[in-house]
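User: I am just starting out with protein structures and would like a close look at one part of this one. Could you pick a spot and walk me through it, along with what surrounds it?

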Amino acid sequence: MTQGQPPAGWYPDPQDATQQRYWDGSAWTGHTAAAGAAAVGAPTGDPAAAAAGPPTGDPAASASVPTDAAPSWTMPADGGMGVPVSTKKSWYKRKALIIPLVIVVALFVIGIVVALVNGVDHSNELENAIKDDGQTQLQHSLDSDVPGAKVTINDVSCVETGSTQKYTCQIHLTLTSPDGSQTLKLLQHATGTCDKNVTTHCLWSTVGDPVKDNS
């Protein structure tokens, strides 16, 4: 039997509603019978009809074989093999995959939007700017107060405070006495801006006096 075709049996004649015609499993035969006189095939048959087997006689004696399509047929749920057809959804239709994917895409889009609105975080660039020119500026300030003393920048950490490219920074310093006999760790607070859409340079300034660094 051709895959997807109904099994052999008696079916309504596609050319004459008052008759039934025998389907051999792949094509119509020339055998006909009055409607209700023969058992109809399983898909559309009458359970109360007599169980008639394949027809006998000379098919040439019957009406010509119709060229119409095979009788209406729906593949059984088991595929005709007694094995249930899988109802498993395609991978891209499963909620377990769709929902996380949608969340990841949404977060990615939100991140882009936030970056466009708030601008890029330039805290690292501000830290580098303080390390580059801070040594000279801080040393200049120290020279007026404690001539001969030396200041050394050990580390700088800046944190963005809002969406306007403003930062608060902590400058970790080492202060060495004029004779080099004593050293003191200090923490200097600073604020800065580093909006590259406004200026190509990061700007910063110290806040208050340095305090003892206990870190």
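**A cysteine link and its setting**

Analyst: The link of Cys158 and Cys169 is right-handed, with 110 degrees about the S-S bond. Please keep in mind that this is a predicted model. If the term is new to you, a disulfide is a covalent bond between the sulfur atoms of two cysteines. Here, the sulfur atoms of Cys158 and Cys169 are 2.1 Å apart.

Now find the two ends of this link in the structure. Cys158 belongs to strand β4 (residues 150–160) and Cys169 to strand β5 (residues 166–176), so the disulfide ties together parts that are 11 residues apart in sequence. Are these two cysteines buried or exposed? Cys158 is buried, and Cys169 is buried too.

Let us stay with Cys158 a little longer, as it has a charged neighbour. Glu127 sits in helix α2, which covers residues 123–145. Its side chain reaches the backbone nitrogen of Cys158 at 2.7 Å. Leaving aside residues up to four places away in sequence, Glu127 touches Val156, Ser157 and Cys158. What about a partner of opposite charge for Glu127? The nearest such side chain is that of Lys131, 5.4 Å away, and Glu127 has no salt bridge although it is buried. The cut-off explains this: a salt bridge needs a side-chain nitrogen of Lys or Arg within 4 Å of a carboxyl oxygen of Asp or Glu.

How many disulfides does the structure hold? There are two. Besides the link you have just seen, Cys194 and Cys202 form a disulfide with their sulfur atoms 1.7 Å apart. Cys194 is buried, as is Cys202. If you number the bonded cysteines of the protein chain in sequence order, the pairing reads 1-2, 3-4.

With the cysteines covered, you can turn to other side-chain pairs. The count of salt bridges comes to one. In that salt bridge Asp13 meets Arg21, and their closest N and O atoms are 3.0 Å apart. Asp13 is buried, with a relative accessible area of 5%, and Arg21 counts as buried at 1% relative accessibility.

Aromatic rings pair up here as well, and the count is two aromatic pairs. The ring centres of Trp10 and Tyr22 are 5.4 Å apart and the planes stand at 70 degrees, so this pair is edge-to-face. Trp10 is in strand β1 (residues 9–13) and Tyr22 in strand β2 (residues 16–23), so the pair ties together parts that are 12 residues apart in sequence. Trp10 is buried, and so is Tyr22. For Trp23 and Trp28, the centres are 5.3 Å apart and the planes are at 75 degrees, so that pair is edge-to-face. Trp23 is buried with a relative accessible area of 2%, while Trp28 counts as buried at 8% relative accessibility.

Finally, step back and place these details in the whole chain. The protein chain has two helices and seven strands, and from the N terminus on they run β-β-β-α-α-β-β-β-β. Of its 215 residues, 25% count as buried. Among the contacts with a separation of 6 or more, 46% come from residues 24 or more positions apart.

Key. Residues are numbered from 1 along each chain as its sequence is written. This is a predicted model: local features need pLDDT of at least 70, side-chain atom pairs count only at pLDDT 80 or more; totals for chains, interfaces and linings use all residues. Side-chain values use heavy atoms; hydrogens and water are left out. A disulfide is a pair of cysteine sulfur atoms within 2.5 Å. Helices (H or I, at least four residues) and strands (E, at least two) are DSSP runs, numbered from the N terminus. Buried means under 20% relative accessible area, exposed over 50%, partly exposed in between (1.4 Å probe, protein chains only). Rings of Phe, Tyr and Trp (its six-membered ring) pair if their centres lie within 6.5 Å; planes under 30 degrees apart count as stacked, over 60 as edge-to-face and the rest as tilted. Lys and Arg count as positive and Asp and Glu as negative; His and the chain ends are not counted. A polar contact is a pair of N or O atoms within 3.5 Å; within protein, one must be able to donate a hydrogen and the other to accept it, and residues adjacent in sequence count only if both atoms are side-chain atoms. Contact means heavy atoms within 4.5 Å.
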